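Trainee: I have just opened this entry and would like a guided look. Could we go through it together?

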Amino acid sequence: MQIPQTGLSKQEILSMLSAFKARDMDWKSGKVWCYVYDAGEDPADVTKEAYMSFLSENGLDPSVFPSILKLETDVVRMVVNLLRGDSNAVGHLTSGGTESIMLAVKTARDKARVEKPHITQPEMIVPKNAHAAFHKAAHYLCVKPVIVDLDPKTLTVRASDMEKAINENTILLAASAPSYSQGMIDPIAEIGAIAKKHNLLFHVDGCVGGLHLSFMRKMGCEVPDFDFSVEGVTSISTDLHKYGYAAKGCSVIMYRDRSIRKYQIFACTDTTGYTLVNPTALSSKSGGPMAGAWAIMNFLGEEGYKKIIQKVQDAAKKMMDGINTIDGLYVLGKPAMSMFSFASDSLNVYQLADEMGKRGWYLQGQFSTPAIPRNLHISVSLGNADNADALLKDLRECVEIVKSKPPIDSETIKSMIAAALQSPDPEAAFGQLADSAGLSGAELPTEMAFINEVLDNLPDALCNVFLVNYFNDLYV
Ligand SMILES: *Cc1c(COP(=O)(O)O)cnc(C)c1O
């Protein structure tokens, strides 16, 4: 595309934009079990208007836009209070969970640079079920991720294994409440005690659980302490654009006190330009996401959130119970809220996801790890909770269809991979493998089962190279 010589009309533009969505999955009908958190028409309307009313205000400079400082401090304080931080606790709004986590890691790294200058190669200890954002933070910030695998019985990390991984280079412990992948809460209180004993920072990733679990606790559900009430917890991330039902582009990073948070803030006056002070990663940023979050939290209120959570939890329980009664499928572990995953010992779940896809459902495939078999992920939220029965019905039928189909020949794929690894020109051999998996060129794949089969059988490092090359081709 070129910039048009003469501008188009609003009508033309809007109809073109709408046409772009023709091949998208239909999230509005509640058939996509991840990515979108829809609070319904009225809340979405309030969010949209609030967002648009701050579209052009710039969060870069609170002296010019005190309104944005007010929005940010109000939202942070609401979340800090819910997560039982005291008046010393502080925080910032960020663009999402990834930015919140990257900032927590940067803060730990920069605090260690000042207080533990002997550490030249900082390490952070991260359970295997933690979100990839920790790996991304490690990669960007030159902190080594030390990965602790899960207890194969409980499918959660053992606090004692985390402690064993501590050495003189450790600057940070991390854990999730709950993890996105299987929806289980790590032993936060035990890890907190270890963090305190070793005088280490401890980040709790509450990106999905921060609001939802806290309201569940207030509703009388049994929820283990995971927030600032646990002494050793020094920072928490909580996404508002997930179970806060805010518009995308809003998460909170919180610290127990200012003495930690100060390492997050960056200032620079060493240029010919304006004085730059950035507490978060972005510099110029729209006030829209902040106003949207402020609006939805005030619109729903605690009562509104509790009503949503009741409905979501009822649906999630029905779905987990239902899946466990389908022959060949089982839910992994003991999920704490409304995110979970399920696996199968008798069929290929990636084929099942494709079969469900033909009926308009999107279930997210996840790869196997030493303790966890390959599985499909489901996030239940208000926008899809009404479809629990419909999903179970189609799952039952699709399981039978997949059982009657020829399975994907994973033995042949494994030997192709083994041969490629031995090949004198591995790059070409893997290129061919990518072609046959449909992972090349500028076209999006329609069926994922074969691709997922190849990727799940590749060593992680190679799998990542595959995916980087694929995206490098996909985007111009
Ligand atoms: C979604 C998620 C993240 C990453 O958040 P983004 O908003 O997608 O950047 C991190 N941790 C957990 C537990 C998540 O669910």
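Mentor: Let us begin with the overall layout. Taken over C-alpha atoms, the centres of domain 1 and domain 2 are separated by 34 Å. Please keep in mind that this is a predicted model.

Trainee: Which residues belong to domain 1 and which to domain 2?

Mentor: The domain assignment of the protein chain places residues 50–296 in domain 1. Domain 2 covers residues 410–474.

Trainee: Now the ligand. Which residues are around the ligand?

Mentor: The residues around it begin, in chain order, with Gly96, Gly97, Thr98 and Ile101. The list continues with His131, Tyr180, Asp205, Cys207 and Val208, and it ends with Asp239, His241 and Lys242.

Trainee: How does that shell divide by class?

Mentor: The shell around the ligand has 4 nonpolar, 5 polar and 3 charged residues.

Trainee: And which helix gives the most to the shell?

Mentor: That is helix α4, residues 97–115, with 3 residues in the shell around the ligand.

Trainee: What lies 2.5 Å from an oxygen atom of the ligand?

Mentor: A polar side-chain atom of Thr98 is found at that distance. Two further side chains deserve attention. In Asp205, a side-chain N or O atom is 2.6 Å from a nitrogen atom of the ligand. In His241, a side-chain N or O atom is 2.8 Å from an oxygen atom of the ligand.

Trainee: How much of the ligand's accessible area does the protein cover?

Mentor: On its own the ligand has 380 Å² of accessible area, and the protein covers 85% of that.

Trainee: Back to helix α4. Is Val105 buried or exposed?

Mentor: Val105, which sits in helix α4, counts as buried because its relative accessibility is 1%. You may also compare its position with that of Asp425: the two are 320 residues apart along the chain, and their C-alpha atoms are separated by 38 Å.

Trainee: Changing topic: how many disulfides does a search of the whole structure find?

Mentor: The search finds 0 disulfides.

Trainee: Why is there no bond between Cys34 and Cys207?

Mentor: The closest cysteine sulfur to that of Cys34 is in Cys207, but the two are 16 Å apart, so they are too far from each other for a bond.

Trainee: What about accessibility for Cys34 and Cys221?

Mentor: Cys34 is buried, with a relative accessible area of 2%. Cys221 is partly exposed, at 33%.

Trainee: I also noted two aspartates, Asp151 and Asp161. Where is Asp161 found?

Mentor: Asp161 is in helix α6, residues 159–164. With a relative accessible area of 17%, Asp161 is buried, because the limit for that class is under 20%. Its side chain makes a polar contact of 2.8 Å with the side chain of Arg158.

Trainee: And where is Asp151?

Mentor: Asp151 is in the loop between β3 (144–148) and α6. It counts as buried, at 10% relative accessibility. From C-alpha to C-alpha, Asp151 and Pro370 are 9.9 Å apart in space, although 219 residues apart in sequence.

Trainee: One last residue, Asn472: is it buried or exposed?

Mentor: Asn472 is exposed, with a relative accessible area of 58%. It is found in helix α17, residues 460–474. Its C-alpha atom is separated by 9.5 Å from that of Gly441, which is 31 residues away along the chain.

Note on methods:
Residues are numbered from 1 along each chain as its sequence is written. This is a predicted model: local features need pLDDT of at least 70, side-chain atom pairs count only at pLDDT 80 or more; totals for chains, interfaces and linings use all residues. Side-chain values use heavy atoms; hydrogens and water are left out. A residue is near a molecule or strand if one of its heavy atoms lies within 4 Å of it. A polar contact is a pair of N or O atoms within 3.5 Å; within protein, one must be able to donate a hydrogen and the other to accept it, and residues adjacent in sequence count only if both atoms are side-chain atoms. Accessible areas come from the Shrake-Rupley method with a 1.4 Å probe; for residues, only the protein chains shown count as cover. Helices (H or I, at least four residues) and strands (E, at least two) are DSSP runs, numbered from the N terminus. Ala, Val, Leu, Ile, Met, Phe, Trp, Tyr, Cys and Pro count as nonpolar, Asp, Glu, Lys and Arg as charged, and the others, Gly among them, as polar. Domain bounds come from an automatic or database domain assignment. Buried means under 20% relative accessible area, exposed over 50%, partly exposed in between (1.4 Å probe, protein chains only). A disulfide is a pair of cysteine sulfur atoms within 2.5 Å.
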